[in-house]
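User: Could you take a close look at one part of this model for me, the nonpolar patch on the surface, and then work outward from there to whatever surrounds it?

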Amino acid sequence: MESPFEMITNVDKVENAYYIEVKPGEYNAKYWNKESVYFADEAFAYFYTTICKYVP
């Protein structure tokens, strides 16, 4: 991973468990999906603050 802000679209490139998985559709308790995108936990912290402002 070159940058913690890189959006990874290939699950095979996820280097460890410190990633946030964003999956389209309803939650189904399945992880490491091919259709998901992944963000480093460090980068997702920036999105989290904004998301919390708009999602109860």
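Analyst: Sure, let's start right at the patch. F47, I51, Y54 and V55 make a nonpolar surface patch of about 430 Å². Keep in mind that this is a predicted model. V55 sits in the segment after helix 1 (41-54).

Now for the aromatic rings. The count of aromatic pairs comes to four. Take F5 and Y46: their ring centres are 5.5 Å apart and the planes meet at 50°, so this pair is tilted. F5 belongs to the segment before strand 1 (19-22) and Y46 to helix 1, so the contact ties together parts that are 41 residues apart in sequence. Y46 itself counts as exposed, because its relative accessibility is 57%.

A second pair brings us back to the patch, through F47. The rings of F39 and F47 have centres 5.4 Å apart, and with their planes at 70° the pair is edge-to-face. The two partners differ in how covered they are: F39 is buried, with a relative accessible area of 14%, whereas F47 counts as partly exposed at 38%. That 38% also fits its place in the patch, because patch residues need over 30% relative accessible area. F44 comes in here too, since F39, F44 and F47 form one aromatic cluster.

From F39 we can step onto strand 2 (37-40). In a regular strand, side chains alternate between the two faces of the sheet. Here V37 and F39 point one way from strand 2, Y38 and A40 point the other way, and all of them are buried. The neighbour is strand 1, which runs antiparallel to strand 2 and is joined to it by four bridges. Within that pairing, Y19 stands opposite A40 in strand 2.

The loop between these strands has some backbone oddities. Most residues other than glycine have a negative phi. A29, though, has a phi near 60°, a positive value in a residue other than glycine, and A29 lies in the loop between strand 1 and strand 2. With a relative accessible area of 44%, A29 is partly exposed. W32 is another case: its phi is also a positive value, near 60°, and its place is again in the loop between strand 1 and strand 2. W32 counts as partly exposed, at 46% relative accessibility.

The loop also takes part in charge pairing. Side chains of opposite charge can pair when their charged atoms come close. The structure holds two salt bridges. In one of them, K34 pairs with D12, with the closest N and O atoms 3.7 Å apart. K34 lies in the loop between strand 1 and strand 2 and D12 in the segment before strand 1, so this bridge ties together parts that are 22 residues apart in sequence. Both K34 and D12 are exposed.

The side chains of K23 and E35 also meet in a salt bridge, at 3.9 Å from N to O. Here K23 and E35 each lie in the loop between strand 1 and strand 2, 12 residues apart. K23 is partly exposed, with a relative accessible area of 25%, and E35 counts as partly exposed at 47%.

To retrace the route: the patch includes F47, F47 pairs edge-to-face with F39, and F39 is one of the buried residues of strand 2.

Conventions: Residues are numbered from 1 along each chain as its sequence is written. This is a predicted model: local features need pLDDT of at least 70, side-chain atom pairs count only at pLDDT 80 or more; totals for chains, interfaces and linings use all residues. Side-chain values use heavy atoms; hydrogens and water are left out. Patches are made of residues with over 30% relative accessible area and no salt bridge: like charges are joined within 9 Å, nonpolar side chains (Val, Leu, Ile, Met, Phe, Trp, Tyr) within 5 Å. Accessible areas come from the Shrake-Rupley method with a 1.4 Å probe; for residues, only the protein chains shown count as cover. A salt bridge is a side-chain nitrogen of Lys or Arg within 4 Å of a carboxyl oxygen of Asp or Glu. Helices (H or I, at least four residues) and strands (E, at least two) are DSSP runs, numbered from the N terminus. Rings of Phe, Tyr and Trp (its six-membered ring) pair if their centres lie within 6.5 Å; planes under 30 degrees apart count as stacked, over 60 as edge-to-face and the rest as tilted. Buried means under 20% relative accessible area, exposed over 50%, partly exposed in between (1.4 Å probe, protein chains only). Two strands pair if DSSP finds at least two bridges between them.
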